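Q: Please take a close look at one part of this chain and explain it in a connected way. The structure is shown first.

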Amino acid sequence: MSARYLYAKDTNLKQTITSIIINALESAKAAGELTLPAMPAVTVETPKEAGHGDFATTVALGMAKAERKAPKAIAEIIVKHIANPDGAVEKVEIAGPGFINFFLKPAAWLGVIKDIDEAASHYGHSHVGAGRLVQVEFVSANPTGPLHIGHGRGAAVGDSLCRLLAFTGFDVRREFYINDFGSQVQNLGASIYMRCRQLAGDDGAQVVVPVVADTADDEAGEAKSNLYLGEYITDIAREFMDDPDFLALAEEDKKTYCREEGIKRMLALIADTLARFGVSFDNWYSERSLYDPANDLVKAAMDDLRAKGLVYEDGGALWLRTTEFGDDKDRVMVRANGQTTYFASDIAYHRDKYRRGFSEVIDIWGADHHGYIPRMKAAISALGNDPETFKVLLVQLVNLMREGQPVKMSKRSGDFVTLDEVMEEVGADACRFTFLLRRADSHLDFDLDLVKRQTSENPVYYVQYAHARLCSVFRQAGEKGVALPALSDVNLARLDLPEELNLIKLLSGFPELVEGAALSDEPHRLTYYLQELAGELHAYYFKHRIVTDDLELTYARMYLVKAVRTVIGNALRLLGVSAPEVM
């Protein structure tokens, strides 16, 4: 997200500490010990080391210049004026050059359980997005073949990001851009038609099609051999050859039919795969629609840029002055032969995104498109939009492994592993969770053997089993006639073990973690968090009984694990992964 959104909603306890610091600053000013010409920004963080307290602030370090005092001296003044009206703070320490560390009483954390019980499935929700309209375009695979696992990773990242943004108050629109204009779909039609000819007995059939550049970098339009050879092409061709209406067509009409119906079949296949993967879109946007004679958006975009003096002709081609906006060279929009480049389509497409009212546009691309980002940011600027509102997330390759050996995939040769095949083998949950184990721009090894193991080595099993285990606790309690009373009747102070306090602290950080993951476009933070929370839960479960002969303790522990179950369920839902009750 753009920098103006980079702030996080504090938890209630952080708000309490922040208020304590602000009150101390105002008290010190009233006493004449601080000048405080302006209230400094008070940031409260959670230290990485427990020995540094539950919360810490560096506010004193930032005040040194204005106050003309050493940070440590300022910290001492602040601490002297700290009041603790709620009794939540156990002690305050000054460390290093002026860090102020706060240690809370264990009882201060118990309100977290009440917050979770009250919010339930909404725990972690916020309004930081303030209803801003954001578009996320992802997957956008060429409609020329089934989705492979690289597409699957992009789908998991995009869908989870959309869930996070919606959960934090953004108005999110999901879009799939259909590349149904240009050489790829011509090649798809030619590939199907060639297979039809071969099925008809013409074993030596070869179809030659005029091919233009496959990438925006290949601006000269160099010819390439791009026929698709996968089995899915043969399957479609067989269907066509079994259709009497197709057989009755003239040869040229058969070629058109192969292209147009081929696109429809591929899109239907892609949509079906995504639906089983738990991914849906608000809009499927056709590239062809950009060239609609009744509303030619490509021409309109170029006319806008030409009116701004940003378009010029050189060597018979039409160029955009992207160097004026930070690109390393100007870019071709229309080749000398009159064919528009993919860049021209992308300019028109993104112009239309902003004209539809999106305040922020997020594209999710394969990592091999990293060099395309500067020219698109330049185009966004040239169109008069703030380039900071345009964000590209790059998704790195997935290395599919089986028995320690890489599984090759190549869409061109047809020798590739589809997302459907992987889902069938390991399930959609395992796929999604595994795809989100690392930052999107980091390489990922997907071990098919590992994600099928029912052991702690398998992250998705480890996390889902934590949820199922807690569901089992409540079933067993019910079988013993133990029913939870109202939370107001439960003595949560019985939760005094270090392991219990650690669990509660982890739970307290969930809202801020969700917001941070949304604002930084990093859904993988949730998988990290879930593995840590599941680890703490499993360790606690093995060491301590939840349902005991001590009913007061039992009720307190059941509310604790109920809160853990709620947070695990909420986090899994944001990842698009199920939270099973039985495993």
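Against which helices and strands do the buried residues of H12 pack?

A: In this predicted model, the buried residues of helix H12 pack against two helices and four strands, named here in turn: helix H10 (297–307), strand E9 (317–320), strand E10 (331–334), helix H11 (342–355), strand E11 (360–366) and strand E12 (390–395). Helix H12 itself runs over residues 373–382.

It is useful to see how much of H12 is covered. Eight of the ten residues of H12 are buried, and the helix is thus described as mostly covered. The buried residues are Ile373, Arg375, Met376, Ala378, Ala379, Ile380, Ser381 and Ala382. Here, a residue is called buried when its relative accessible area is under 20%. Just after H12, Gly384 takes a positive phi of about 95°.

The setting of H12 is the chain as a whole. The chain has 583 residues, and 52% of them are buried. Its secondary structure comes to 19 helices and 15 strands. Along the principal axes, the C-alpha trace spans about 90 × 65 × 40 Å. Of the contacts between residues at least 6 apart in sequence, 73% join residues at least 24 apart.

A second helix, H4, may be set beside H12. In H4, which covers residues 111–119, the residues Val112, Ile113 and Ile116 are buried. Seen down the axis of H4, these buried residues fall within an arc of 100°, so they line one face of the helix. A general rule is helpful at this point: an α-helix has 3.6 residues a turn, so residues three or four places apart point the same way. The partners of the buried residues of H4 are helix H1 (12–30), helix H16 and helix H19 (551–575).

One of these partners, H16 (residues 498–508), can be followed in detail. The axes of H4 and H16 come within 9 Å and cross at roughly 50°. The two helices are therefore oblique to each other, and their crossing is left-handed. At the contact, Val112, Ile113 and Ile116 of H4 meet Ile504, Leu507 and Ser508 of H16. By class, this contact has five nonpolar residues, one polar residue and no charged residues. Just after H4, Ala120 takes a positive phi of about 50°.

To return to the request, the buried residues of H12 have both helices and strands among their partners, including H10, H11, E9 and E12, whereas those of H4 pack against the helices H1, H16 and H19.

Notes:
Residues are numbered from 1 along each chain as its sequence is written. This is a predicted model: local features need pLDDT of at least 70, side-chain atom pairs count only at pLDDT 80 or more; totals for chains, interfaces and linings use all residues. Side-chain values use heavy atoms; hydrogens and water are left out. Axes are lines fitted to C-alpha atoms, for helices over the stretch in contact, and angles run from 0 to 180 degrees between N-to-C directions. Angles under 35 degrees count as roughly parallel, over 145 as roughly antiparallel, 65 to 115 as roughly perpendicular and the rest as oblique. A crossing is left-handed if the near helix is turned anticlockwise from the far one by less than a right angle, and right-handed if clockwise. Contact means heavy atoms within 4.5 Å. Ala, Val, Leu, Ile, Met, Phe, Trp, Tyr, Cys and Pro count as nonpolar, Asp, Glu, Lys and Arg as charged, and the others, Gly among them, as polar. Buried means under 20% relative accessible area, exposed over 50%, partly exposed in between (1.4 Å probe, protein chains only). The arc is that of the directions from the helix axis to the C-beta atoms.
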